[in-house]
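Colleague: I'd like to learn how to read a model like this one. Please take me through it feature by feature.

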Amino acid sequence: TTLTVAASIVQYSCAFSTPSVTSPVYDTIQSSTSLLDPISGEGLSSPILPSTSSNKKTLVIVLPQLGEFDSSEYGEYLVAAEKTLEENNIDLQVVGIGDTTAAQNFCEFTGLSPKKLSLDPAGDLHKKLNVNCGPNFSLPDGVSNDVCKFFLRQLPGGVPSDEDQVRPVSTSWLNYLAMCAGIGAPGTLPEILRGYFGDKRAPERFRDDDIVKAGFITIGPGVGPTKIGPLSYQQWFADEKGYQRPVELATIRLKNMVEVLTKWDEYVSNPLAIALRGATYLFDEEGKELYSYKSRGVLTYSETMPRPLTFLSPYIGEQFALNPLGLRDNGGGDLVRGRGVLKPAGKAMRLISLLFKLENKLQAQLLGAEDADHAAARKNIEDTISSKNIVVYTYGLSPFSSETIALLDEIGADYETIEIGLEWFLLDKEKSVLRAELLEMTGQSSLPQVFIDGKHVGGLFTGSSDGKFPGLAGLKESGELQKIID
């Protein structure tokens, strides 16, 4: 019995005294001596990671230059998640390349607390972590310094004052620009395109009161109003909600670009580190690696770019992790009726509406229509729209008409469809007169035409002539259509 007790004590003692094994990456970050305080610019008084186990997990975000698209974009998500991370016992530590001036600008622009930020001015920790830095191109010996200087004069920051830095800085820029073109940077080009074309998998990205100004371009408030010099217009997707709309993310990136380019010398203190990318690490209380990801190029700071903090779902809750900014979110997924490529095409039809109006009247005249025919057609329309809740006049071959019917079917509406023909150029006299009377009554020359409770609400994307209704798709986006049919 005594031996058993003694053995148990020894076993317990050994287990207690055996140090936990931290991950190599944790050790690299914990032992780094290159990190500086973002306010004083002096070495940190203590490592950003504890040397012994703690009661918290640690999320370490290694950013590239603080004056980077990736940094400000990722930073917005991190600031939004900071409180939730604390509530779930996760300590946030951010490391970025820059000096104290860059840190001040970055924290003011993103809202990140300087207490959460450390500086790696030369990118030494980045290099130890073996972050990506592009295709690793080097300048051919035949490229002279004069050529390099000409190249650098076209770029922010210009030519370095130190002649010895001309070729190294040129090499750094060469690799960065190669990544911007997708070379040695898988995912960069698709991500750039996603910013312009939108993404139904992602939530909204631009707030309703956001305004971005870049020279003679003003966008906002919200994604709709756009002004380019004296030209003002409304984006065709302005009424759509719940997903990342076309150019929405590109507009956020434009805002970030304006911030950096107007303060380039303040943000980028070390052009030699321009090509260095970032990484994300999540460690448990014992320093073991729970998650890691290295950015593959420019604008690829997350493994799941439509929802960058998805990896945190098990630790802070899926709902918050998928949409930390809290903007409208329909959950992504399938095509929504009343959106897509038909919408801009439908809006563009307004440009030739006058031509269609002239053709509309001329066609009926050439087919021999008389006043009595027009009177009969008008009565036909009035009787029809007064007897049914929803009436849709369509063409059989029109994709806009087909989409209108599909939209009404999708929401379970009870409606009557009146097909006046396959297309306008195939109409006989009776149907041409009917079409002409629809124009006289509504001011709209194209089909489909939709009437609800006897009132003309427009077509699929075109609104009513009195401006009271935005068209069927617009009513659906606002939720008014569902209210009507309910």
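**Cysteines, salt bridges and strands**

Modeller: Let's begin with Cys 133, which counts as partly exposed at 22% relative accessibility. Keep in mind that the model is predicted.

Colleague: Which cysteine sulfur is closest to that of Cys 133?

Modeller: First the general idea: a disulfide covalently joins the sulfur atoms of two cysteines. Here, the closest cysteine sulfur to that of Cys 133 belongs to Cys 180, and because they are 14 Å apart, that is too far for a bond. Cys 148 is in no disulfide either, with the nearest cysteine sulfur, in Cys 133, 18 Å away. Cys 148 is also buried, at 2% relative accessibility.

Colleague: How many disulfides does the count come to?

Modeller: Zero.

Colleague: On to charges, then. How many salt bridges does a search of the whole structure find?

Modeller: It finds 23 salt bridges. When you read one, ask how far apart the atoms are, where the partners sit along the chain, and how covered they are. Take Arg 253 and Glu 73: their closest N and O atoms are 2.8 Å apart. Arg 253 is in helix α9 (residues 248–261) and Glu 73 in helix α3 (residues 69–87), so the pair links distant parts of the chain, 180 residues apart.

Colleague: Are Arg 253 and Glu 73 buried or exposed?

Modeller: Arg 253 is buried, at 7% relative accessibility. Glu 73 is buried too, with a relative accessible area of 1%.

Colleague: Which salt bridge would you set beside it?

Modeller: Try Arg 328 and Asp 208, whose side chains meet at 2.8 Å, N to O. Arg 328 lies in the loop between α12 (318–322) and α13 (342–348), and Asp 208 in the loop between α8 (188–197) and β4 (212–214), so this salt bridge ties together parts 120 residues apart in sequence. Arg 328 is partly exposed, at 35%, and Asp 208 is partly exposed, at 44%.

Colleague: And where do Lys 429 and Asp 373 lie?

Modeller: These two form a salt bridge at 3.8 Å, N to O. Lys 429 lies in helix α17 (residues 429–442) and Asp 373 in helix α15 (residues 371–387), so the pair ties together parts 56 residues apart in sequence. Lys 429 has a relative accessible area of 34%, which makes it partly exposed. Asp 373 is partly exposed as well, at 26%.

Colleague: Which residues are joined into one network by salt bridges that share partners?

Modeller: Glu 73, Glu 191, Arg 194, Asp 199, Arg 201 and Arg 253. You've already met Arg 253 and Glu 73 as a pair.

Colleague: Strands next. How do I read β1?

Modeller: With a strand, look at how covered it is, then at its neighbours and their direction. Strand β1 (residues 57–65) is mostly covered, with nine of its nine residues buried. Strand β2 (residues 90–97) runs parallel to β1, joined by seven bridges, and Gln 65 stands opposite Ile 97 of β2.

Colleague: In which sense does β1 pair with strand β8?

Modeller: That pairing is antiparallel, over five bridges, with β8 covering residues 279–283. Val 60 has Tyr 281 in β8 as its bridge partner. As for the parallel side, β1, α3 and β2 make up a right-handed β-α-β unit.

Colleague: What about a helix?

Modeller: The general idea is that an α-helix has 3.6 residues a turn, so residues three or four places apart point the same way. Now look at helix α4 (residues 100–110), where Ala 102, Ala 103, Asn 105, Phe 106, Cys 107 and Thr 110 are buried.

Colleague: What do the buried residues of α4 pack against?

Modeller: They pack against β1, α3, β3 (117–119), α9 and α10 (264–267). Check the ends too: at the start of α4, a side-chain oxygen of Asp 99 comes within 3.2 Å of the backbone nitrogen of Thr 101. Just after α4, Gly 111 has a positive phi of about 90°.

Colleague: Last one: where is Val 457 placed?

Modeller: Val 457 is in strand β13 (residues 455–458) and is buried, at 1% relative accessibility. Beyond its neighbours within four places in sequence, Val 457 has contacts that include Val 450, Ile 452, Phe 469 and Leu 475. The C-alpha atoms of Val 457 and Gly 75 are 44 Å apart, with their positions 382 residues apart along the chain.

Terms used:
Residues are numbered from 1 along each chain as its sequence is written. This is a predicted model: local features need pLDDT of at least 70, side-chain atom pairs count only at pLDDT 80 or more; totals for chains, interfaces and linings use all residues. Side-chain values use heavy atoms; hydrogens and water are left out. A salt bridge is a side-chain nitrogen of Lys or Arg within 4 Å of a carboxyl oxygen of Asp or Glu. Helices (H or I, at least four residues) and strands (E, at least two) are DSSP runs, numbered from the N terminus. Buried means under 20% relative accessible area, exposed over 50%, partly exposed in between (1.4 Å probe, protein chains only). A disulfide is a pair of cysteine sulfur atoms within 2.5 Å. Two strands pair if DSSP finds at least two bridges between them. A crossover is right-handed if, with the strands pointing away from the viewer, the path from the first strand over the helix to the second runs clockwise. Contact means heavy atoms within 4.5 Å. A polar contact is a pair of N or O atoms within 3.5 Å; within protein, one must be able to donate a hydrogen and the other to accept it, and residues adjacent in sequence count only if both atoms are side-chain atoms.
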